[in-house]
Amino acid sequence: MTLRDLFAADDGGGWLQDVALLDRLTADRLAEDAERIRAEGWGWVEASPDLAYGHSVGLRRLCGESGSSPEEQASRAALLLEVDAIEAEHAAAEELLAAADQRLGEIEAMLEALDERPPIFNPEEIACAGAFVSLDASGRLRGERGYVRPEDESGAQEPGTREVGTEADGPDAQRPEPATGDDGTAVPGPVGADEAGAVISDRLLTDLMSVHALGLRDALARDPDAALLALLHALTLRTF
């Protein structure tokens with residue numbers, strides 16, 4: 001329910017009384033749409049009302065074919081020609097006639113319906129890829145299909161990496177001694193190596209650093225007070 005000010009000039013203002021209810025209904029609707037897309041065979045589906053900026057950084061995008069049939073493509077071309085004809089006919093007029101304006105609205109709705117058809121992907125590639133479900137600027141559901149994460153890539157390993165749990169990682173495998181300094185203290189190992197000796201590729205490390213940077217930017221953009229404190233901290237360190 002929307003609560004409005006008694007002295008508001010119009011009915012355009014107001015605020016929601018139960019924001020939690022709206023959030024829950026939105027999450028339920030996103031979950032339903034995510035299940036519908038997951039039923040198409042996608043390996044994973046990530047649903048969120050507002051996806052973070054750069055959420056697809058480091059992901060490979062599948063190349064799908066147009067989901068429209070030849071008849072629908074011909075119909076789309078005919079609708080575009082009709083739009084051009086209506087605009088040319090009323091180019092000299094200051095305002096469109098009601099009938100012409102109504103027809104343009106109908107054509108726009110039909111074009112949107114045709115453009116929203118999801119592309120067709122190879123069934124063999126769908127199982128190792130996923131999709132994002134979110135809301136667009138107008139509040140409508142939007143599904144982005146055909147993204148492959150680095151960990152979903154089949155078979156091939158990145159150069160300079162190896163699988164953890166192979167014979168070389170057995171209990172009897174020899175581990176390199178940790179490096180020590182002149183005072184006998186341990187020196188940290190190279191970036192990307194953990195205590196078990198497993199390493200990650202440079203590409204994955206770069207992707208993780210990009211996601212980390214984007215996450216910090218998003219967090220600061222959502223919290224002006226934290227952004228001000230971070231700026232003040234940097235200026236204080238530089239001054240003192």
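## Close-ups of a predicted model

**View 1. Glu151 and its place in the chain.** Let's start with one residue: Glu151 sits in the loop that links strand 6 to helix 5. Keep in mind that everything here comes from a predicted model. Is Glu151 buried or exposed? With a relative accessible area of 58%, Glu151 is exposed. Now look for Leu59, which is 92 residues away from Glu151 along the chain. The C-alpha atoms of these two residues are 9.9 Å apart.

**View 2. The whole protein, before we zoom in again.** Take a step back and trace the chain: the secondary structure adds up to 6 helices and 6 strands. Starting at the N terminus, the order of elements is β-β-α-β-β-α-α-α-β-β-α-α. Of the 240 residues, 17% are buried. The accessible surface is about 17900 Å², and carbon and sulfur atoms account for 56% of that surface. Looking at contacts between residues at least 6 apart in sequence, 62% join residues at least 24 apart.

**View 3. The largest nonpolar core.** Here's a general idea to carry into this view: in soluble globular proteins, nonpolar side chains tend to be buried together. In this model, the largest nonpolar core has 12 residues, among them Leu30, Ala34, Ile37, Trp42, Phe121 and Val148. Two elements, helix 1 and strand 5 (130-135), each give two or more residues to this core. Which element gives the most? That's helix 1, with 3 residues. Pick out Val148 and look at what surrounds it: beyond its neighbours within four places in sequence, Val148 is in contact with Leu59, Arg60, Leu62, Cys128, Ala129 and Glu153. There is also a second, separate core of 8 residues, including Leu79, Val83, Ile107 and Leu114.

**View 4. A salt bridge between Glu40 and Arg145.** The model has 9 salt bridges, and this view shows one of them, between Glu40 and Arg145. The closest N and O atoms of this pair are 3.0 Å apart. Glu40 is in the loop between helix 1 (19-38) and strand 3 (44-47), while Arg145 belongs to strand 6 (residues 141-148), so the pair ties together parts that lie 105 residues apart in sequence. What about their exposure? Glu40 is partly exposed, at 37% relative accessibility, whereas Arg145 is buried, at 10%.

**View 5. Two helices linked by Arg103 and Glu82.** Next up is the salt bridge between Arg103 and Glu82, where the closest N and O atoms are 2.7 Å apart. Arg103 is part of helix 3 (residues 98-115) and Glu82 is part of helix 2 (residues 70-89), so this pair ties together parts that are 21 residues apart in sequence. Arg103 is partly exposed, with a relative accessible area of 27%. Glu82 is partly exposed too, with a value of 26%.

**View 6. Arg222, Asp218 and a small network.** In this close-up, Arg222 pairs up with Asp218 in a salt bridge, with 2.9 Å between the closest N and O atoms. Both residues are in helix 5 (residues 202-222), and because they are 4 residues apart, about one helical turn separates them. Arg222 is exposed, at 54% relative accessibility, while Asp218 is partly exposed, at 25%. Which residues make up the network here? Asp50, Asp218 and Arg222 are joined into one network by salt bridges that share partners.

**View 7. A nonpolar patch on the surface.** Some nonpolar side chains show up on the outside: Leu228, Leu231 and Leu235 form a surface patch. Together they have about 290 Å² of accessible area. Leu235 is in helix 6 (residues 224-239), and it counts as partly exposed, at 42% relative accessibility.

**View 8. Where to read the model with care.** Finally, a look at confidence: the mean pLDDT of the protein is 74, and 72% of residues reach 70 or more. Where is confidence highest among the elements? Strand 3 comes out highest, with a mean of 90, and strand 1 (residues 2-3) is lowest, with a mean of 66. Over residues 155-173 the pLDDT is below 50, and this stretch has 17 contacts in the model beyond near neighbours in sequence. Residues 185-197 also stay under 50, with 15 contacts beyond four places in sequence. Where pLDDT is low, the predicted coordinates should not be read in detail.

Terms used
Residues are numbered from 1 along each chain as its sequence is written. This is a predicted model: local features need pLDDT of at least 70, side-chain atom pairs count only at pLDDT 80 or more; totals for chains, interfaces and linings use all residues. Side-chain values use heavy atoms; hydrogens and water are left out. A salt bridge is a side-chain nitrogen of Lys or Arg within 4 Å of a carboxyl oxygen of Asp or Glu. Buried means under 20% relative accessible area, exposed over 50%, partly exposed in between (1.4 Å probe, protein chains only). pLDDT is the predictor's confidence in each residue, from 0 to 100. Contact means heavy atoms within 4.5 Å. Patches are made of residues with over 30% relative accessible area and no salt bridge: like charges are joined within 9 Å, nonpolar side chains (Val, Leu, Ile, Met, Phe, Trp, Tyr) within 5 Å. Accessible areas come from the Shrake-Rupley method with a 1.4 Å probe; for residues, only the protein chains shown count as cover. A nonpolar core is a set of buried Ala, Val, Leu, Ile, Met, Phe, Trp, Tyr and Cys residues joined through side-chain atoms within 4.5 Å.
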